[in-house]
Amino acid sequence: MVYFILLLISVLVSSLSQVVLKIGSNKDYSGIYEYLNIYVISGYFMLGTSMILNVIAYTHVEYIIGVVIATLNYILVAVFSKFLLKEDFTKNKLIGMAIVIFGVFIANMK
């Protein structure tokens, strides 16, 4: 159970890191600061942390469960983008999220 929660935290951190990286890419920096600003450094640190948590969790969680949980990343990024970046849920985004969810159900049918 602990490793399942660790996997959920990993997906959450990964989703937030992608939004933080997007915020950094929307800022106007010049020179080396385009690559070495607080948003980029934080985003990559969070992504690395997520990767380490993933490796730890996958050593104790069944792989198929991990893959299912990992697909939440796509949905969480869209949700975080809606609230943190004020992006809209377009028809294509909603269709894409529905396809991801449908694919997860299909992949887990026995």
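**Notebook: a five-helix chain, looked up piece by piece**

I started at I64, which lies in helix 3. The model I have open is a predicted one, so I kept that in mind throughout. I64 comes out as partly exposed, at 40% relative accessibility. I then looked for what comes back towards I64 from further along the chain. A107 is 43 residues away in sequence, and the two C-alpha atoms are 8.9 Å apart in space.

**Entry: the overall picture**

I stepped back to look at the whole chain. I counted five helices and zero strands, and reading along the sequence gave me α-α-α-α-α. The C-alpha atoms fill a box of roughly 55 × 35 × 20 Å along the principal axes. The chain has 110 residues, and buried ones make up 27% of them. I also checked how far the contacts reach along the sequence. Taking those between residues at least 6 apart, I found that 72% join residues at least 24 apart.

**Entry: helix 1 against helix 3**

I like to begin a packing check with two values: two packed helices are described by the angle between their axes and the distance between the axes. For helix 1 (residues 2–26) and helix 3 (residues 63–70), the axes come within 10 Å and cross at roughly 30°. Angles under 35 degrees count as roughly parallel, so helix 1 is roughly parallel to helix 3. The crossing of helix 1 past helix 3 is right-handed.

Which residues make this contact? Helix 1 brings F4, L7, L8 and V11, while helix 3 brings I65, G66, I69 and A70. Sorted by class, I get seven nonpolar residues, one polar and no charged ones in the contact of helix 1 with helix 3.

**Entry: helix 1 against helix 4**

I repeated the check for helix 4 (residues 72–84). Its axis and that of helix 1 come within 9 Å and cross at roughly 45°. Helix 1 and helix 4 are therefore oblique to each other. Helix 1 passes helix 4 in a right-handed crossing as well.

I listed both sides of the contact. On helix 1, I noted L8, V11, L12, S14, S15, L16, Q18 and V19. These meet L72, N73, L76, V77, F80, S81 and L84 on helix 4. By class, the contact of helix 1 with helix 4 has 10 nonpolar and five polar residues, and no charged ones.

**Entry: the nonpolar core**

In soluble globular proteins, nonpolar side chains tend to be buried together. I went looking for such a cluster here. The largest nonpolar core has seven residues, namely L6, L7, V11, L53, A57, V61 and I69. Helix 1 and helix 2 (38–58) are the elements that give two or more residues to this core. Which element gives the largest share? Helix 1 does, with three residues.

V61 is a member of this core, and I looked up its partners. Setting aside residues up to four places away in sequence, V61 touches Y3, F4, L7 and G66.

**Entry: S50, buried or exposed?**

S50 is found in helix 2. S50 is buried, with a relative accessible area of 4%. Leaving aside neighbours within four places in sequence, I found S50 in contact with S10, V13 and S14.

**Entry: Y35 for contrast**

Y35 lies in the loop between helix 1 and helix 2. I find Y35 exposed, with a relative accessible area of 56%. I also took the distance from Y35 to I75, which is 40 residues away along the chain, and got 27 Å between the C-alpha atoms.

**Entry: the loop between helix 4 and helix 5**

L85 lies in this loop. Where does it sit relative to I23? L85 and I23 are 62 residues apart in sequence, and their C-alpha atoms are 7.6 Å apart in space. Apart from neighbours within four places in sequence, L85 is in contact with V19, K22, I23 and F80.

K86 is found in the loop between helix 4 and helix 5 (91–107) too. Its backbone caught my eye. Most residues other than glycine have a negative phi. K86 has a positive phi of about 60° although it is not a glycine. At 65% relative accessibility, K86 counts as exposed.

Definitions and conventions: Residues are numbered from 1 along each chain as its sequence is written. This is a predicted model: local features need pLDDT of at least 70, side-chain atom pairs count only at pLDDT 80 or more; totals for chains, interfaces and linings use all residues. Side-chain values use heavy atoms; hydrogens and water are left out. Axes are lines fitted to C-alpha atoms, for helices over the stretch in contact, and angles run from 0 to 180 degrees between N-to-C directions. Helices (H or I, at least four residues) and strands (E, at least two) are DSSP runs, numbered from the N terminus. Angles under 35 degrees count as roughly parallel, over 145 as roughly antiparallel, 65 to 115 as roughly perpendicular and the rest as oblique. A crossing is left-handed if the near helix is turned anticlockwise from the far one by less than a right angle, and right-handed if clockwise. Contact means heavy atoms within 4.5 Å. Ala, Val, Leu, Ile, Met, Phe, Trp, Tyr, Cys and Pro count as nonpolar, Asp, Glu, Lys and Arg as charged, and the others, Gly among them, as polar. A nonpolar core is a set of buried Ala, Val, Leu, Ile, Met, Phe, Trp, Tyr and Cys residues joined through side-chain atoms within 4.5 Å. Buried means under 20% relative accessible area, exposed over 50%, partly exposed in between (1.4 Å probe, protein chains only).
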